[in-house]
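Thanks for coming. I will go through one structure today, starting with strands and moving on to side-chain contacts. Please have a look at it first.

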Amino acid sequence: MGIATSQQLTRYYDQYRDREVIFNKDIIRSLKLDPRQVQIKYTIGSDVKLCPCIVNSTSFQKAKIILNTKTDAFEVLIGKEPPSVQLKFAFFQDNGQLVTFFVSTKVAEKQLLQGPGDLALVTLQYTQRPPDDLIEIVGRMLEANTNAVRRKEERIVINEDTKRKLGLVKEECVLVVQGVPRHCIIRDLSFSGAKVFLVGIPHFMTNKEAELKMNYTDPDEVVMVKGMIMSAEPIEGRKDICAASIKFDENQVPLTYKLHINNYLTTVRKAQLSASDQIAAQRAAAAQSQQQ
């Protein structure tokens, strides 16, 4: 966190202002939200009150939280003149440090939830632009999901440089083919798939379900992506090794994988734009010098 420029933050805010993010298990894990630390804070008279809650979703405009209707907080929030509320978020950074911040809100809607338990869904309208940390965390995730569709076929050839920038520990990994783990070497990666080299007969690899297991750093984690081997071809001069092309199941690609790919593509794009700007500036300076 804290790496995004003010220009990036503004772009995230403007582009995704109304996009609602529902905190399912994959998003909670990928964004490293600590649900135990999520609370609301409000003031009654001179007393500051804190109450735990579940954050159901957020955009850059509002959040929806789940509260127990038996709590004092709920009784206060459903009153005719509910106090202003601060919603506390808590996220772990890659280094394990916890970052917390509050978002100023006001109560907009209340709705009792059906089913067992005394629970209600409360909509909190943000009264100002949320903190940069929230915009960066949520904005990067939304950008990754957008690029997973828009740039899904862009291939990243794996070498020492791209491996480092991706945070990939090594190109050697495990491909589980119909339940059988096989060692392989990653040739390239994209949002939508991968190409790997592995021992096997191409004919027996094609149209088989597979799961690619990769080790990443920053943070240290094992990312598993399910898909299908769409084609396999023998390596010239090696009848025992084939090149397999895997198409990922787009409905099961983990958000953490999308974030790694997106971080690489956006970093490379920034470097290319910076280099282009430098070349353009040099050419302009040279042209001006010749005119003089």
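**Strands, rings and charges**

Let me begin at a turn: in the hairpin of β10 and β11, which has two residues between the strands, Gln 178 takes a positive phi near 50°. Please keep in mind that this is a predicted model.

Now the strands on either side of that turn. Strand β10 covers residues 172–177, and its pairing with β11 is antiparallel, over six bridges. One residue pair to look at here is Cys 173, whose bridge partner in β11 is Cys 184.

Strand β11, residues 180–189, also has antiparallel bridges to strand β9, residues 156–157. How many bridges join β9 to β11? The number is two. On the β9 side, Ile 156 has Leu 189 of β11 as its bridge partner.

Next comes strand β12, residues 193–199, which pairs with β11 in the antiparallel sense over five bridges. The connection from β11 to β12 is a hairpin through three residues. Within this pairing, Asp 188 has Lys 195 in β12 as its bridge partner. As a general remark, side chains in a regular strand alternate between the two faces of the sheet.

That is enough on strands; now the aromatic rings. The count of aromatic pairs comes to five. In one pair, Phe 248 and Tyr 257 meet edge-to-face, with 5.5 Å from centre to centre and 90° between the planes. Are these two residues, Phe 248 and Tyr 257, buried or exposed? Both of them are buried. Elsewhere, Phe 89, Phe 91 and Phe 101 make up one aromatic cluster.

Some rings have a charged residue over the face. Lys 41 is placed over the face of Phe 102, 4.4 Å from the ring centre. Arg 129 is placed over the face of Tyr 13, and here the distance to the ring centre is 5.1 Å.

Arg 129 also takes us to the salt bridges. It forms one with Asp 132, where the closest N and O atoms are 3.6 Å apart. Why does Arg 129 count as partly exposed? Because its relative accessibility is 35%. Asp 132 is partly exposed as well, since its relative accessible area is 40%.

How many salt bridges does a search of the whole structure find? It finds 14. I will show two others. Arg 17 pairs with Asp 14, and their closest N and O atoms are 3.1 Å apart. At 33% relative accessibility, Arg 17 is classed as partly exposed. Asp 14 falls in the partly exposed class too, with a value of 45%.

The other one joins Arg 164 and Asp 161, with 2.7 Å between the closest N and O atoms. Where do these two residues lie? Both are in helix α5, residues 160–166, three residues apart, which is about one turn of the helix. Arg 164 counts as exposed because its relative accessible area is 57%, and the cut-off for exposed is over 50%. Asp 161, at 34%, is partly exposed. There is also a network here to point out: salt bridges with shared partners join Glu 160, Lys 163 and Glu 171.

To recap, β11 has antiparallel bridges to β9, to β10 and to β12. The side-chain part covered aromatic pairs, five by count, and salt bridges, 14 by the search. That is what I had for today.

Definitions and conventions:
Residues are numbered from 1 along each chain as its sequence is written. This is a predicted model: local features need pLDDT of at least 70, side-chain atom pairs count only at pLDDT 80 or more; totals for chains, interfaces and linings use all residues. Side-chain values use heavy atoms; hydrogens and water are left out. Rings of Phe, Tyr and Trp (its six-membered ring) pair if their centres lie within 6.5 Å; planes under 30 degrees apart count as stacked, over 60 as edge-to-face and the rest as tilted. Buried means under 20% relative accessible area, exposed over 50%, partly exposed in between (1.4 Å probe, protein chains only). A charge sits over a ring if NZ of Lys or CZ of Arg is within 6 Å of the ring centre and within 35 degrees of the ring normal. Two strands pair if DSSP finds at least two bridges between them. Helices (H or I, at least four residues) and strands (E, at least two) are DSSP runs, numbered from the N terminus. A salt bridge is a side-chain nitrogen of Lys or Arg within 4 Å of a carboxyl oxygen of Asp or Glu.
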